[in-house]
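I opened the notebook to record what I looked up in this structure. The entries follow in the order I made them.

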Amino acid sequence: MEVVGDGMIARAFVNSGMRMDVVVFAAGVSRSTTTEATEFGREADLLHEAIGDARAGRRRLLYFSTASAHLYGNGDGSPRSEEDPVHPTTAYGRHKVAMEEMIRTSGVDHLILRVTEVVGPHQRRHQLLPALFCQVNEGEVTIYRGARRDLIDVADLVTIAAELLCGDLRHATVNIASGHPVTADEIVSHLLEISGRAATKVYVDIPANDYNVSTKRMARHAPSSARMGFSPTYYRNVIDRYYRC
């Protein structure tokens with residue numbers, strides 16, 4: 001297994017001990033809010049090289065895209081499937097659509113995983129959970145009212161990815177999510193509960209986004225996901241694993 005990248009997801013695969021003839025591409029842009037062409041260009045160049053390496057070695061390419069509103073667009077509560085049209089709302093979303101298309105048109109054997117909000121060790125400080133936890137410790141938390149996130153443990157992501165790679169899916173795209181998005185307020189409230197701290201909540205109103213994605217394909221091709229405890233309280237288990245003292 002060759003891993004491209006050095007962030008949380010890349011490290012999780014390196015440390016998994018997985019032995020597969022696959023190129024794992026986990027070297028995306030640093031922030032989903034970026035609009036810098038140089039960052040997008042860097043990922044595109046790296047991906048082009050990884051596609052070439054995979055094709056030359058007759059290996060599969062595993063690519064991590066996004067299952068967020070950045071790509072699918074604002075939701076109406078109905079789960080968005082991999083077959084639904086995408087309506088990217090940001091430069092990041094449009095970039096991910098372009099990277100997916102690069103892979104598909106290259107002809108390389110691939111698996112594209114559209115993931116939601118991955119949580120685990122070694123996350124960068126600006127990412128959602130580390131940023132909120134830091135604000136909790138500082139005593140004031142900004143909460144975007146209307147924001148919803150579907151948290152998934154990076155360990156569960158690796159397990160699901162391994163099962164999918166061992167299966168019969170080829171040239172496919174799969175949503176990876178718990179299927180139970182929660183509000184930012186719920187996430188912050190649980191962080192406050194497990195930390196035992198008090199903090200002022202500062203609310204910022206943003207347009208409501210009843211965002212959700214379909215996990216039917218994931219469940220069908222990765223039966224182990226049924227044993228991961230995906231439920232309305234799964235997000236608490238994920239937070240507890242990495243943030244409970």
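**Helix 6 and the sheet**

I started at the N-terminal end of helix 6, where Asp 153 acts as the cap: one of its side-chain oxygens lies 2.9 Å from the backbone nitrogen of Ala 155. I note that the model is predicted.

Next I checked the length of helix 6. The helix has 13 residues and reaches 18 Å from its first C-alpha to its last, close to the 18 Å expected at 1.5 Å a residue.

Which residues of helix 6 are buried? I listed Val 154, Asp 156, Leu 157, Val 158, Ile 160, Ala 161, Ala 162, Leu 164 and Leu 165. I took buried to mean under 20% relative accessible area.

Then I turned to the sheet. It is open, has five strands in the order 1-2-3-4-9, and its pairing is parallel. Strand 1 (2-4) and strand 9 (172-176) stand at the edges; each has a single partner strand, so one side of each is left without a neighbour in the sheet. Neighbouring strands are turned by 20 degrees against each other on average, direction ignored.

I looked at one pair in detail. Strand 3 (residues 60-66) runs parallel to strand 4 (residues 110-115), and six bridges join them. For Leu 61, the bridge partner in strand 4 is His 110.

What does helix 6 touch when it packs on the sheet? I found strand 2, strand 3, strand 4 and strand 9, with the helix direction at about 150 degrees to that of strand 4.

Last, I looked up helix 2 (residues 37-56). It lies across strand 1, strand 2 (22-25) and strand 3, and runs at about 155 degrees to strand 3.

Terms used:
Residues numbered from 1 in each chain as written. Predicted model: local features only at pLDDT ≥ 70, side-chain atom pairs only at ≥ 80, totals over all residues. Heavy atoms only, no water. Pairing = 2+ DSSP bridges. Helix = DSSP H or I, 4+ residues; strand = E, 2+ residues; numbered from the N terminus. Axes fitted to C-alpha atoms, helices over the stretch in contact; angles between N-to-C directions. Contact = heavy atoms within 4.5 Å. Expected span 1.5 Å × (residues − 1). Buried < 20%, exposed > 50% of the residue type's maximum accessible area, 1.4 Å probe, protein only. Polar contact = N/O pair within 3.5 Å; in protein donor to acceptor, adjacent residues only side chain to side chain.
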